[in-house]
Amino acid sequence: MTFEIYVIIIITAFPFITECLRNKTSAEGLKIKEIGILRAIGASKHNISQVFNAETLIIGLCSGILGVGISELLLIPINAIIHVLVGSATVNAVLSLPAALILIAISTIITLIGGLLPAKKAAKKDPVIALRTE
């Protein structure tokens with residue numbers, strides 16, 4: 001049973017990583033001027049990568065927290081439906097704290113993986129070319 005769950009998680013992670021990669025690449029394209037300014041005032045390539053990775057981390061963390069919050073809210077009507085179908089109030093669907101923390105961590109890790117390549121690409125931008133583009 002556990003093996004199947006891990007396989008499902010891995011299979012569903014690939015589209016999320018691809019989507020994060022696409023979104024972060026387009027965000028990097030929109031921030032070319034900012035990258036040029038940062039590089040012109042002395043930011044290293046590593047600093048540029050850190051800025052993109054920090055943004056990606058915040059996005060992944062917020063999306064994980066939002067997802068867990070929405071799941072908790074959806075448990076209210078789901079439990080009501082379960083109580084009607086089963087005919088007993090003792091059966092409940094729950095999201096435990098460890099499971100919620102694991103889901104938040106998975107969301108953050110998947111988003112970070114999707115943001116690594118665009119962060120490296122942004123760090124390699126030439127500041128002169130980046131400042132010329134609009």
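1. Contacts first. Take pairs of residues in the chain that are at least 6 apart in sequence and in contact: 79% of these contacts join residues at least 24 apart. The model is a predicted one. The chain has five helices and zero strands. Along the sequence the pattern reads α-α-α-α-α.

2. Confidence. The chain has a mean pLDDT of 78. A value of 70 or more is reached by 75% of its residues. Helix 1 (residues 2-30) has the lowest confidence in the chain, with a mean of 64. Helix 3 has the highest, at 86.

3. Burial and surface. The chain has 134 residues, and 25% of them count as buried. About 9100 Å² is exposed by the chain. Carbon and sulfur atoms supply 76% of that area.

4. Helix 2. This helix covers residues 32-40. Its buried residues are Ile 32, Ile 35, Gly 36 and Arg 39. They line one face of helix 2, because they fall within an arc of 100° when seen down the helix axis. Gly 42 comes just after helix 2 and takes a positive phi of about 110°.

5. Helix 3, span and kink. Helix 3 runs over residues 45-86. It has 42 residues. From first C-alpha to last it reaches 59 Å, close to the 62 Å expected at 1.5 Å a residue. There is a kink of about 30° at Leu 75, shortly before the proline Pro 77. Leu 75 is also one of the buried residues of helix 3. Just after the helix, Gly 87 has a positive phi of about 85°.

6. Helix 3, buried positions. Besides Leu 75, the buried residues are Ile 48, Ser 49, Phe 52, Thr 56, Gly 60, Gly 64, Val 68 and Asn 79. Two of these, Gly 64 and Val 68, return in point 9 as contacts of Ile 104.

7. Helix 4. Residues 97-123 form this helix, 27 residues in number. It reaches 37 Å from its first C-alpha to its last, close to the 39 Å expected at 1.5 Å a residue. A kink of about 35° lies at Gly 115. The proline Pro 118 follows shortly after that kink. Both Gly 115 and Pro 118 are buried. The other buried residues of helix 4 are Ala 100, Ile 104, Ser 107, Thr 108, Ile 110, Thr 111, Gly 114, Ala 119, Ala 122 and Ala 123.

8. Ser 49. This residue sits in helix 3. Why does Ser 49 count as buried? Its relative accessibility is 14%, and the cut-off for buried is under 20%. Setting aside residues up to four places away in sequence, Ser 49 touches Ala 119, Lys 120 and Ala 123. Of these partners, Ala 119 and Ala 123 are listed among the buried residues of helix 4.

9. Ile 104. The residue lies in helix 4. Ile 104 has 16% relative accessibility, so it counts as buried. Which residues is Ile 104 in contact with, leaving aside its neighbours within four places in sequence? They are Leu 61, Gly 64, Ile 65 and Val 68. Gly 64 and Val 68 are themselves buried in helix 3. Ile 104 and Gly 67 are 37 residues apart in sequence. Their C-alpha atoms are 8.1 Å apart in space.

Terms used. Residues numbered from 1 in each chain as written. Predicted model: local features only at pLDDT ≥ 70, side-chain atom pairs only at ≥ 80, totals over all residues. Heavy atoms only, no water. Helix = DSSP H or I, 4+ residues; strand = E, 2+ residues; numbered from the N terminus. Expected span 1.5 Å × (residues − 1). Bend = angle between axes of the 7 residues up to and from the residue. Buried < 20%, exposed > 50% of the residue type's maximum accessible area, 1.4 Å probe, protein only. Contact = heavy atoms within 4.5 Å. pLDDT = per-residue confidence, 0-100. Arc of directions from axis to C-beta. Areas by Shrake-Rupley, 256 points an atom, 1.4 Å probe, with all protein chains shown as cover.
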